[in-house]
Amino acid sequence: MRVVPRAVIVSPSEHAASFCFGQRLHRPEEFSAVMSARRVVRGECFSLHYRQVADGRARLGLIVPKRLARAASVRNAIKRQGREAFRLMAVGIPPCDLVLRLARPVGDVRAGDDTQRKMWRAEIETLLRRLPSGSQ
C-alpha cells in the first residue's frame, strides 16, 4: 500500500491573538478567589465573575455545569465560544481574573445550532465589554 503524504492546510488567523496556558485559571483555589471577590456582571444566560489582579494580565476560567447543559457537545460549544470571545477581546480586557459561569439551563439546544452559538457569543462579548475598566 502506497502512502500519499497529506497536504497541510494552514490558514492564518484573521486576528493575531492567542489563548495560551498563562491566560487560563487552572486550580480550584484560583476559581474560589474570583468567586469570593463577589464582583459579577450578569447576563441572560451567563454570569461573569471578576477579581482585580496585580500582574496586569487577564485570565479566564469557565464553569459550565452538567446540570444546566446535559450534552457534552453543548458544554464544549459554550466553552469554545467563551474562549474565542476572550481571545479576540483580550487586548481590551482590564487586568483581572475572570470566571464565566453558565447560570441558566440551556434546554434542548444542539451544539451545531448556529443561531444559538451566535447568541451565546454575543452575550459573552457584551459581558466582557461591561467589565469596569479599573476592575475596582
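This is a guided tour of a predicted model, moving from strands to charged side chains and then to an aromatic pair.

**First stop: strand E4 and its partners**

Begin by selecting strand E4, residues 96–102, which is mostly covered, since six of its seven residues are buried. With E4 highlighted, add strand E2, residues 46–52, and you will find that E2 and E4 pair in the antiparallel sense over seven bridges. To see one place where these strands face one another, select Ser47, which stands opposite Arg101 in E4.

Now bring in strand E3, residues 59–63, which runs parallel to E4 and is joined to E4 by five bridges. Here the residues to pick out are Leu62 and Leu100, for Leu62 stands opposite Leu100 in E4. While the strands are on display, it is useful to keep in mind that in a regular strand the side chains alternate between the two faces of the sheet.

**Second stop: salt bridges**

A search of the whole structure finds nine salt bridges, and this tour visits some of them. Select Arg59 and Glu30, whose side chains form a salt bridge with the closest N and O atoms 3.3 Å apart. This pair links distant parts of the chain, with Arg59 in strand E3 and Glu30 in helix H1, 29 residues apart. Are these two residues buried or exposed? Both Arg59 and Glu30 are buried.

Next, select Asp97 and Arg51, whose side chains meet in a salt bridge at 3.4 Å, N to O. Asp97 lies in strand E4 and Arg51 in strand E2, so the pair ties together parts of the chain that are 46 residues apart in sequence. The two partners can be described by their accessibility: Asp97 counts as buried because its relative accessibility is 2%, while Arg51, at 30% relative accessibility, counts as partly exposed.

For a pair within one helix, move to Glu125 and Arg129, which form a salt bridge whose closest N and O atoms are 3.7 Å apart. Both residues lie in helix H3, four residues apart, which is about one turn of the helix. Arg129 is exposed, with a relative accessible area of 55%. Before leaving this stop, select Glu30, Arg51, Arg59 and Asp97 together, as salt bridges that share partners join these residues into one network.

**Third stop: two buried charged residues without a salt bridge**

Stay with helix H3, residues 114–129, and select Glu123, which is found there. Which side chain of opposite charge is nearest to Glu123, and how far away is it? The answer is Arg130, at 7.3 Å, and Glu123, although buried, has no salt bridge. If you show the surroundings of Glu123, you will find that it touches Gly43, Glu44, Cys45 and Phe46, not counting residues up to four places away in sequence. Of interest among these is Cys45, whose backbone nitrogen lies 2.7 Å from a polar atom of the Glu123 side chain.

Then turn to helix H2 and select Arg75, which lies in that helix. Arg75 is likewise buried and without a salt bridge, the nearest side chain of opposite charge being that of Asp108, 12 Å away. Leaving aside neighbours within four places in sequence, Arg75 is in contact with Val64, Pro65, Lys66, Ala69 and Arg70, and these residues can be displayed together with Arg75.

**Fourth stop: between Lys118 and Gln81**

Return to helix H3 and select Lys118, which is found in this helix and is exposed, with a relative accessible area of 55%. Adding Gln81 to the selection shows two residues that are 37 apart in sequence and 8.6 Å apart in space, C-alpha to C-alpha.

**Last stop: the aromatic pair**

How many aromatic pairs does the structure hold? There is one, and to see it you should select Phe19 and Phe86, which form an edge-to-face pair at 5.5 Å centre to centre, with 80° between the planes. This pair links distant parts of the chain, as Phe19 is in the segment before helix H1 (28–36) and Phe86 is in helix H2 (residues 72–89), 67 residues apart. Colouring by accessibility would show Phe19 at 17% relative accessibility, which counts as buried, and Phe86, with a relative accessible area of 1%, is buried as well.

Note on methods:
Residues are numbered from 1 along each chain as its sequence is written. This is a predicted model: local features need pLDDT of at least 70, side-chain atom pairs count only at pLDDT 80 or more; totals for chains, interfaces and linings use all residues. Side-chain values use heavy atoms; hydrogens and water are left out. Rings of Phe, Tyr and Trp (its six-membered ring) pair if their centres lie within 6.5 Å; planes under 30 degrees apart count as stacked, over 60 as edge-to-face and the rest as tilted. Buried means under 20% relative accessible area, exposed over 50%, partly exposed in between (1.4 Å probe, protein chains only). Lys and Arg count as positive and Asp and Glu as negative; His and the chain ends are not counted. A salt bridge is a side-chain nitrogen of Lys or Arg within 4 Å of a carboxyl oxygen of Asp or Glu. A polar contact is a pair of N or O atoms within 3.5 Å; within protein, one must be able to donate a hydrogen and the other to accept it, and residues adjacent in sequence count only if both atoms are side-chain atoms. Contact means heavy atoms within 4.5 Å. Two strands pair if DSSP finds at least two bridges between them.
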